[in-house]
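Here are a few exercises to work through with the sequence and the model side by side. Try each task on your own before reading its solution.

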Amino acid sequence: MRLDDRKWKIFNAIIKTYLDTGEPVGSRTISKYADLNLSSATIRNEMADLEEMGLIIQPHTSAGRIPSDQGYRLYVDHLMTEKEQEVQEMKELLIKKQDRMEAVLKNVVQVLANNTNYATMISAPQYHRTKLKFIQLSIINESQLLAVIVTEANIVKNKMLNFEHGLDNELILKLNILLNTSLNGLAMEEINLALIAKLKEQAGIHSEVVNRVLDAVAEAIQMDEDLEIYTSGATNIFKYPELSDSTKASELINAFEEKKELAQFISETSADEENTGIQVYIGDESPIQTMKDCSVVTATYELGAGIRGTIGIVGPKRMDYGKVVDSLKTLRSQLDHLFGQEDGDDS
């Protein structure tokens, strides 16, 4: 069913107003929408047409109108089409940005190793304290539901959920409306027990579906478990006698090749929200056993919207700290500018 632009704006206003208030919507209320600029009489005529089309109904005489099941279906189908297109555009843009960022980060870590003569690492940006942008639930079959979760940083997460009981389109329609009107724009810490209890109560016998979707949202908003790390200059370790002992050197090089310990180090040191400047870990201060004979200097680069990554330099305790700190300051500034400029070019 297709509506002309004016009918769609009026229909959309009815839907949104009713979702907000739960009360039947009259022509006078709709006329207050700034982008309509229509008289109450014109709006009443259009509402009469929408009622004839079965998209809105009058619950009782002299009342305003509320959406019908058919109206809800049209609204959600239109919403899902828009969101699917938006998700696809986001994915294409993210792939493009990810490829470009990967090339930049690999180049950065190599240049840093060459300039300092130490081992270097840099993590791909992670997403901290991000907010939920929207949720799209789609039925795959009677027992499977696909939840597409998009955060404000335009990160798209897909989660397949399995259920023993059958799912139907009307249920998913109502859950899409319920979850999006209640959760959009919230950070994970704002989705508290009171809000969860309210959502479950509104979902009634389908509270388990809401619970599973909320678990998927929590998983999507948290930091990615797979931390991508790029390294360079591990063999520079052999240039320093105190680190060139065969056992020590092999353990350090293995840490740079396997990257598990590096990921643990970055995760532990970046967990502190205030720990975003340049940090120096000397000897036993390092949480990684294989780096107890080294110094590790790290810096955080920020890309906005809660997005940040870590740059690290590993060398002997007698490293040139002044040069290393200056290099990290310059590099952090260049990354902030580079990716900030690229984001501006894409908008």
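## Exercise 1: A helix checked by its length

Task: Work out what span helix 5 should have, and compare that with the separation of its end C-alpha atoms.

Solution: This is a predicted model, and the check uses its C-alpha atoms. Helix 5 has 15 residues, and the expected span is 1.5 Å times one less than that number, so the helix should span 21 Å. The end C-alpha atoms are 21 Å apart, which agrees. Next, look at burial: Leu171, Ile172, Leu173, Leu175 and Asn176 are among the buried residues of helix 5, and so are Ile177, Leu178, Leu179, Asn180 and Leu183. Finally, step past the end of the helix, where Gly185 follows with a positive phi, near 90 degrees.

## Exercise 2: The same check on helix 1

Task: Repeat the length check for helix 1 (residues 5-21), then describe what lies at its start and what follows it.

Solution: With 17 residues at 1.5 Å a residue, helix 1 should span 24 Å, and its end C-alpha atoms are indeed 24 Å apart. At the start of the helix, a side-chain oxygen of Asp4 comes to within 3.2 Å of the backbone nitrogen of Arg6. After the helix comes Gly22, with a positive phi near 75 degrees. Buried residues of helix 1 include Lys7, Ile10, Asn12, Ala13 and Tyr18.

## Exercise 3: The nonpolar cores

Task: Find the residues with the most contacts inside the largest nonpolar core, and the elements that supply at least two residues of this core.

Solution: The largest nonpolar core has 27 residues, and Leu137, Leu145, Leu183 and Val213 have the most contacts inside it. Strand 5 (132-141), strand 6 (144-151), helix 5 (169-183), helix 6 (193-203) and helix 7 (207-221) each supply at least two of its residues. Take Leu145 as an example: beyond four places in sequence, its contacts include Leu137, Ile139, Met160, Phe163, Ile172 and Val213. A second, separate core holds 26 residues, among them Trp8, Ile15, Leu36 and Ile43.

## Exercise 4: Aromatic rings

Task: How many aromatic pairs does a search of the whole structure find? Describe two of them.

Solution: The search gives 3 aromatic pairs. Trp8 and Phe11 form a tilted pair, 5.6 Å centre to centre with 50 degrees between the planes. These two residues are 3 apart in helix 1, about one turn of the helix, and both are buried. Now take Tyr118 and Tyr240: their ring centres are 5.6 Å apart and their planes stand at 35 degrees, so this pair is tilted. Tyr118 is in the loop between helix 4 (69-116) and strand 3 (119-123), while Tyr240 is in the loop between strand 8 (229-232) and helix 8 (246-258), so the pair links parts of the chain 122 residues apart. Both tyrosines are buried. For one more ring, turn to Phe163: the charged end of Arg212 sits over it, 4.8 Å from its centre.

## Exercise 5: Two loop residues

Task: Is Ser286 buried or exposed, and is Tyr33 buried or partly exposed?

Solution: Ser286, in the loop between strand 9 (279-282) and strand 10 (294-304), has 1% relative accessibility and counts as buried. Beyond four places in sequence, Ser286 touches Phe265, Tyr281, Met291, Lys292 and Val296. Tyr33 lies in the loop between helix 2 (27-31) and helix 3 (40-52). With a relative accessible area of 31%, Tyr33 is partly exposed. Leaving out neighbours within four places in sequence, Tyr33 contacts Ala13, Lys16 and Thr17.

How values were computed:
Residues are numbered from 1 along each chain as its sequence is written. This is a predicted model: local features need pLDDT of at least 70, side-chain atom pairs count only at pLDDT 80 or more; totals for chains, interfaces and linings use all residues. Side-chain values use heavy atoms; hydrogens and water are left out. A nonpolar core is a set of buried Ala, Val, Leu, Ile, Met, Phe, Trp, Tyr and Cys residues joined through side-chain atoms within 4.5 Å. Buried means under 20% relative accessible area, exposed over 50%, partly exposed in between (1.4 Å probe, protein chains only). Helices (H or I, at least four residues) and strands (E, at least two) are DSSP runs, numbered from the N terminus. Contact means heavy atoms within 4.5 Å. A polar contact is a pair of N or O atoms within 3.5 Å; within protein, one must be able to donate a hydrogen and the other to accept it, and residues adjacent in sequence count only if both atoms are side-chain atoms. Rings of Phe, Tyr and Trp (its six-membered ring) pair if their centres lie within 6.5 Å; planes under 30 degrees apart count as stacked, over 60 as edge-to-face and the rest as tilted. A charge sits over a ring if NZ of Lys or CZ of Arg is within 6 Å of the ring centre and within 35 degrees of the ring normal.
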